[in-house]
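Hi,

Here is the structure I promised to send over. Have a look at it first, and my notes follow underneath.

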Amino acid sequence: MKLILKYIRRHMGIFLISTFFLTMEAMADLMQPTFMSMIVDKGIQNADIAQILFLGVIMLGIAILGAMCAIMRNLFASRVSQTIGKELRRDMYHNVQQLSMENIDRLRPESIITRITNDVAQIQEFINGIMRIMVKAPIICVGAILLILIQTPRQAPVMAGILFIVSLLVVGNMKIGYPRFGVVQKRLDLLNGVAREFLSSVRVVKAFHAEEEEMNKFEGVSVELAHANTAALRTMAVFSPFINLTVNFGIVLLLWISGSGQSAEIGRLMASVNYMTQVLFAVNMISNTLNTAVRAAASSARIKEVLEEKPAQHVPQMPLMPEIKGDIYLEQVSFAYAGSGKETLRNIDIHVCPGETVGIIGSTGSGKSTLVNLIPRFYDAVRGTIWIDGCDVTQIDTKHLRNAIAVVPQKALLFSGTIRENLRWGRAEASDDELIKAAETACADEFIKQSEKGYETMLGQGGVNLSGGQKQRLSIARALVRRPRILILDDCTSALDARTEADVLSGLRSMAENITVLLVSQRISAVMRADRILCMDNGSVVGYGRHDELMESCETYRAIYHSQIGPEGGERHG
């Protein structure tokens, strides 16, 4: 709850104003039964119409005042809860952006989404409840009990017994409910993860007609969420009726103890019953708000985990900002993903000269993508050192480093907006001529111009209205717009036909004369004309050199070549 109090303190002024109106509203509610008892005992008993009208007007004025105060506290409560929700989402999103890929992998994207949305909504509901109910309920409860004791002192033992039993029930409710609502949020994470996985791979699911399997998977986690919710809500279902029963039993005792037929006590007895009803209402409000508090506490702990998550990567106190020319040296580099007992890369030792194009090839799972992800420091090596232009990459300012690198990932990622806006992700100030030149190099300009609105064509989320090859070519063009010193192409031509791939690679070679290019590919035809080729197998380097050198010295490379080109091709190129 410290996290929630921290954000409330930022808006303490408005919070106190809301509390003031809330207090005035509670006082107005408490005064109503007393004036009603006065009308009965002084007006109706004595048949004094003037007294009845006078007290009735006062009651009406108090009711109007209470209604106005209720409107004001609702306005302030909504404002504060929404503002705090906005600040929590903003702070979480900002901190997530500072985290490394290792942190994101550990927290899991679907869990982060749940925390930014559902968990923040729980906090908002609790804060709104505090300002609308939680402050009012104790005032009503305490005030009603005091007025009962003042008007009918004989009820003191009954009130003490009721409060003791109700307190035990409320504490028991919280103690049992807290861990159960924590489980609910975790089950919601799983549900979001399954839904996210399906939506991101819906084409594959439909292609394999696997809708039923996905439905069963979703049904499974949905049932788990329902069971967790049921277990949590069962706590409220058990405790709330017992609280109601306890207070209602107190009302019966009150009526029994006050059961004398003296008409002089009728007004006070009516007031006492009204106040007991208010106590019941207040206790239920407190119980409901504490149930919300239990959820909010579970959500607060999850949000706090994201806010306090520190980047796994070391941040140098005096970061270097060298002129990056594209000289890359990996010295005995090894890497393993967090939680994995096996190293993905082992003792990688290679040197890439500035302006050189290095092809990287190997079987699936050989570590190609992992290797190039170390260059822009998406991950840090667990052993060894990566040098960029003579500087340890962990000592270079991350922003400075990534400004000099452009990455085209395996899966083409585009954003909602126009083609022009997507290309300018590479460099916001790029001119139209630069955009067109990059698109021409990536063989994207032709299909862009054929579209109805050209570079102003709107793309759906993820570029859903483009083919896989078109998305890849736009991703390559976006990277070229950046004018990088190091260009990483991570198997980004897999959706292109052989001719288009050859045209794209030819255009890259002519445009990237002074750019260091790391070209990851499964196709031997894509890498064989590179200045040098890095052949990998099972996380290790098994060959590094020119095509003809590897054909002579590297059995793995030769096997890949023969499997794709054939033995006859090997003889021709040998």
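The buried residues of helix 6 (buried meaning under 20% relative accessible area with a 1.4 Å probe, protein chains only) are Lys-136, Ala-137, Ile-140, Cys-141, Gly-143, Ala-144, Ile-145, Ile-148 and Gln-151. An α-helix has 3.6 residues a turn, so residues three or four places apart point the same way. Helix 6 covers residues 136-151, and its end C-alpha atoms sit 22 Å apart, which agrees with the 22 Å expected for 16 residues at 1.5 Å a residue. That expected span is 1.5 Å times one less than the number of residues. Helices are DSSP runs of H or I with at least four residues, strands are runs of E with at least two, and both are numbered from the N terminus.

Bear in mind that this is a predicted model, where local features need pLDDT of at least 70, side-chain atom pairs count only at pLDDT 80 or more, and totals for chains, interfaces and linings use all residues. Residues are numbered from 1 along each chain as its sequence is written, and side-chain values use heavy atoms, leaving out hydrogens and water.

Now the cysteines. Taking a disulfide as a pair of cysteine sulfur atoms within 2.5 Å, the count is 0. For Cys-391, the nearest cysteine sulfur belongs to Cys-353, 17 Å away. Cys-535 has the sulfur of Cys-554 as its nearest, at 4.0 Å, and is in no disulfide either. Cys-535 counts as buried because its relative accessibility is 0%, and Cys-391 counts as buried at 16%.

Cheers

Key
Buried < 20%, exposed > 50% of the residue type's maximum accessible area, 1.4 Å probe, protein only.
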